[in-house]
Amino acid sequence: MRELTIRRNKSFVGCLVSAKIYGEDPMYGDMVINGIRCRKLGEVKNGQQVSFLVPEEAVKIFVIADKLSKGFCSEFYQLEPGQEPVLLTGQNRFSLFSGNAFRFDNNQNPEALANRKKGSKVGIWVILAAAIIGALIGFFATSGILKGSPDPKTFTVQDLKITLTEDFRKMEQENYSAYLESDRVGVLMLNEAFDAFPGFEDYSIEEYGELVLEANQSDAELKTDNGLCYFEFDNTGSDGKTLFHYTAYMYKGSDSFWLVQFFTRKDDAAKYAHQITQWAQTVTFES
């Protein structure tokens, strides 16, 4: 056996979730990840370093958030045969479609890169599937009959309040604080607590926005309009054809920063742009 040490570098992304570490174990494994039978080695928290004993032969090391999201929020590292101790480092990276998954540093293994790409595609489908199903249900329920304007409806997520319409409903979405959807617009919410790292509470909303863009390695432009800080980007759906437009707003609450993302089909972006701005302006926080 040899010693494997994993150091999880401190990051505000996914800081509240412990990463679960699994090792390839065809004989005694009790969980299958990406078709590989694995055994749990332990967990590592944000900014923590842990060590385990692993076989000297080649073995895959997996890091997941939980059992439910292992199909798209996962990372693995291929350990080559050897006897010497091994140190691996990494951190959770901001990703809209992989659930802010943990990523090993300098992990350029082609199979690992393919796994990341596959996970992002699955994550997109998980996020959008509920919206698509909801749209179909709404279509058949109304049978083409036009309805009047929906009434406003206020939703509360922890200390955040946002006023949308009665067309929206809360849906379960792993690795997000909340997910709200209507037939044409989805709203993903994610918060990062001030205690993620020292001095985080002193950041301005704009500084938080720059951190989000840097963590996601995005070239999107940070904008400020009507007192709101936001950025926009497009992304292709899991079918490789449908283009979606996202408008992501940043807020500072009483004990955490919030990232609130509105998304629609690209073709509907102009139609809903003004309404999305109005919805974004309704966000308040309880003291």
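A residue counts as buried under 20% relative accessible area and as exposed over 50%. The exercises below apply these cut-offs to a predicted model.

**Exercise 1. Describe the overall make-up of the protein chain, and state what share of its residues is buried.**

Solution.
Step 1. The secondary structure of the protein chain consists of three helices and 19 strands.
Step 2. The protein chain has 287 residues, and 48% of them count as buried.
Step 3. The accessible surface comes to about 14,600 Å², and carbon and sulfur atoms hold 50% of that surface.
Step 4. For contacts between residues at least 6 apart in sequence, 56% connect residues at least 24 apart.

**Exercise 2. Determine which residues of helix α3 are buried and which exposed residues lie on the face turned away from them.**

Solution.
Step 1. Helix α3 spans residues 269-280, and its buried residues are Ala269, Tyr272, Ile276, Trp279 and Ala280.
Step 2. These residues lie on the same side of α3, because the arc that they cover around the axis is only 85 degrees.
Step 3. On the face turned away from the buried side, α3 carries Ala270, Lys271 and His274, which are exposed.
Step 4. The cover over the buried residues of α3 includes β11 (160-165), β16 (228-236), β17 (243-252) and β18 (256-265).
Step 5. Helix α3 lies across β16, β17 and β18, and runs at about 155 degrees to β18.

**Exercise 3. Give the strand order of the open sheet of seven strands and identify its edge strands.**

Solution.
Step 1. The order is β12-β13-β14-β18-β17-β16-β15, and the pairing is antiparallel.
Step 2. Strands β12 (169-171) and β15 (223-225) each pair on one side only and are the edge strands.
Step 3. From one strand to the next, the twist averages 30 degrees.

**Exercise 4. Analyse strand β14 by its burial, the directions of its residues and its pairing partners.**

Solution.
Step 1. Strand β14 is largely enclosed by the rest of the structure, because eight of its eight residues are buried.
Step 2. In a regular strand, side chains alternate between the two faces of the sheet.
Step 3. In β14, Gly186, Leu188, Leu190 and Glu192 point one way, while Val187, Met189, Asn191 and Ala193 point the other way; all are buried.
Step 4. Strand β14 (residues 186-193) pairs with β18 in the antiparallel sense over eight bridges. Within this pairing, leucine 190 stands opposite leucine 259, and leucine 188 has glutamine 261 as its bridge partner.
Step 5. Strand β13 (residues 178-181) pairs with β14 in the antiparallel sense over four bridges, and alanine 178 stands opposite methionine 189. The connection from β13 to β14 is a hairpin through four residues.

**Exercise 5. Locate the buried residues of helix α2 and state what covers them.**

Solution.
Step 1. Helix α2 covers residues 205-215, where Tyr208, Gly209, Leu211, Val212 and Leu213 are buried.
Step 2. Strands β14, β16, β17 and β18 are among the elements that cover these residues.
Step 3. Just after α2, glutamine 217 adopts a positive phi of about 50 degrees.

**Exercise 6. Establish the order and pairing of the open sheet of four strands.**

Solution.
Step 1. The strands follow the order β5-β1-β8-β9, with mixed pairing.
Step 2. The edge strands β5 (49-54) and β9 (102-104) each pair on one side only.
Step 3. Direction ignored, neighbouring strands of this sheet are turned by 30 degrees against each other on average.
Step 4. Strand β1 (residues 2-8) pairs with β5 in the antiparallel sense over six bridges, and glutamate 3 stands opposite leucine 53 in β5.

**Exercise 7. Explain why strand β2 is described as largely enclosed, and name strands with which it pairs.**

Solution.
Step 1. Strand β2 (residues 19-24) has five of its six residues buried, so the rest of the structure largely encloses it.
Step 2. Strand β2 pairs with β4 (residues 36-44) in the antiparallel sense over six bridges; tyrosine 22 stands opposite lysine 40 in β4.
Step 3. Strand β2 also runs antiparallel to β6 (residues 59-64), to which four bridges join it; lysine 20 stands opposite isoleucine 64 in β6.

**Exercise 8. State how many disulfides the structure holds, and classify cysteine 38 and cysteine 229 as buried or exposed.**

Solution.
Step 1. A disulfide is a covalent bond between the sulfur atoms of two cysteines.
Step 2. The structure holds zero disulfides.
Step 3. Cysteine 38 is buried, because its relative accessible area is 0%.
Step 4. Cysteine 229 also counts as buried, at 3% relative accessibility.

Key
Residues are numbered from 1 along each chain as its sequence is written. This is a predicted model: local features need pLDDT of at least 70, side-chain atom pairs count only at pLDDT 80 or more; totals for chains, interfaces and linings use all residues. Side-chain values use heavy atoms; hydrogens and water are left out. Helices (H or I, at least four residues) and strands (E, at least two) are DSSP runs, numbered from the N terminus. Buried means under 20% relative accessible area, exposed over 50%, partly exposed in between (1.4 Å probe, protein chains only). Contact means heavy atoms within 4.5 Å. Accessible areas come from the Shrake-Rupley method with a 1.4 Å probe; for residues, only the protein chains shown count as cover. The arc is that of the directions from the helix axis to the C-beta atoms. Two strands pair if DSSP finds at least two bridges between them. Axes are lines fitted to C-alpha atoms, for helices over the stretch in contact, and angles run from 0 to 180 degrees between N-to-C directions. A disulfide is a pair of cysteine sulfur atoms within 2.5 Å.
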